[in-house]
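Reader: I have the model open here and would like to go through it with you piece by piece. Could we settle the vocabulary before the details?

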Amino acid sequence: MATEEISRTQGLNPSQQSSSLPDYPQMILEAIEALNEKEGSSMSSIAKHIDSTHSDLPASHSTLLSHHLNQMKQMGQIVMLNNNYTKPDPNAPPKRGRGRPPKPKVPLPPGVVVSPPRPRGRPPKPKDLLAPPKPKSVSTGRPRGRPPKKAKTGTATAPPPPPGVKRGRGRPPKV
C-alpha cells in the first residue's frame, strides 16, 4: 500500500517501478551530497551521477528528474542558484514571500472585547421615530414612463404622380 502511494507521487505504476530503485528525492539529495560542488550541482551533473550509480532507470528519467527537482525546489528541500541546485543553508533566514509583509499585531490586554468590523458600503440613514410614516404613492392620474407614440391621422406627404407620367433623373427643380 505504501509503495503504491510512493510510486504515484513519482508518476510510475507499481509494475513499472523497480524495487531496488530508491525515491527520486532521495537519489537527488545523494547526488548533490556526493558531487559536493561549491557553486551547486547542475541538472545534467545530477542526472549523470544518478545514471552512473543506478543502472535500471525508467525511460522517462529526465522528465521525472526535472519534475522532482522543481517539486523539491518549491518545497524548500533544495535551493536553486544560477541554474545549480544546492542544499539550503541551515543558518540562512527563512525565505520571504512576495509583497510587503503584514504589520505585526499588537496583543490586546486581557478582558478587552473586540468589536466586529464595520460593514462595507454606505451606512443607512438614521430612522426618525417621531416623524409620521410617508404615504405610499401619490397618484397624479397619469401612468409612469414615456407616453406611447400616437398614430398619424392625416397624410402630410405629396400624392403619388399619375401612373403614365415618367419622372426624370436626379432631384426635381424647386417650384
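Author: Let us begin with burial, where buried means under 20% relative accessible area, exposed means over 50%, and partly exposed is what falls in between, computed with a 1.4 Å probe on protein chains only. This is a predicted model, in which local features need pLDDT of at least 70 and side-chain atom pairs count only at pLDDT 80 or more, while totals for chains, interfaces and linings use all residues. Residues are numbered from 1 along each chain as its sequence is written, and side-chain values use heavy atoms, with hydrogens and water left out.

Reader: Fine. What pattern does the protein follow along the sequence?

Author: Read from the start, the pattern is α-α-α-α-β-β, that is, four helices and two strands. Helices (H or I, at least four residues) and strands (E, at least two) are DSSP runs, numbered from the N terminus.

Reader: And how much of the protein counts as buried?

Author: Of its 175 residues, 17% count as buried. As for contacts, meaning heavy atoms within 4.5 Å, residues 24 or more positions apart account for 47% of those with a separation of 6 or more.

Reader: Let's take H3, then. Which of its residues are buried?

Author: In helix H3, residues 43-53, the buried ones are Ser45, Ile46, Ala47 and Ile50, and what covers them includes H2, H4 and strand E2 (84-86).

Reader: A serine in that list? Why does Ser45 count as buried?

Author: Ser45 counts as buried because its relative accessibility is 16%. Leaving aside residues up to four places away in sequence, Ser45 touches Leu35 and Glu37.

Reader: There is another serine, Ser20. Where does that one lie?

Author: Ser20 lies in the loop between helix H1 (2-10) and H2, and it counts as exposed because its relative accessibility is 53%. Ser20 and His54 are 34 residues apart in sequence, with their C-alpha atoms 9.0 Å apart in space.

Reader: Back to H2. How far does it reach from its first C-alpha to its last?

Author: Helix H2, with twelve residues (24-35), reaches 16 Å, close to the 16 Å expected at 1.5 Å a residue; the expected span is 1.5 Å times one less than the number of residues. Its buried residues are Tyr24, Met27, Ile28, Ala31 and Ile32. They lie on the same side of H2 because they cover an arc of only 135° around the axis, the arc being that of the directions from the helix axis to the C-beta atoms.

Reader: What about H4, which residues are buried there?

Author: His61, Leu64, Leu65, His68, Leu69 and Met72 are the buried residues of H4. These cover an arc of only 130° around the axis, which puts them on the same side of H4, while the face turned away from that buried side carries the exposed residues Thr63 and Gln74. The length of H4 agrees with expectation, because its 15 residues should span 21 Å at 1.5 Å a residue and its end C-alpha atoms are 21 Å apart.

Reader: Changing topic to the backbone: which residue takes a positive phi just after H2?

Author: That is Asn36, at about 50°, in the loop between H2 and H3. Most residues other than glycine have a negative phi. Asn36 counts as exposed because its relative accessibility is 63%. Asn82, in the loop between E1 and E2, also has a positive phi, near 55°, and counts as exposed because its relative accessibility is 71%. H4 is followed by Gly76, where phi is positive as well, near 90°.

Reader: Last one: what lines the largest pocket?

Author: Its lining consists of Lys73, Gln74, Gly76, Ile78, Val79, Met80, Pro88, Asp89, Ala92, Pro93, Pro94 and Lys95. On a 1 Å grid over the protein atoms alone, a pocket is an open set of points where a 1.4 Å probe fits, with protein on both sides within 12 Å along at least five of seven lines, and lining residues have an atom within 4 Å of a point. Helix H4 (61-75) and strand E1 (79-81) each supply at least two residues of the lining.

Reader: How much space is in there?

Author: About 280 Å³ lies in the largest pocket, where volume is the space filled by probe spheres set on the points.
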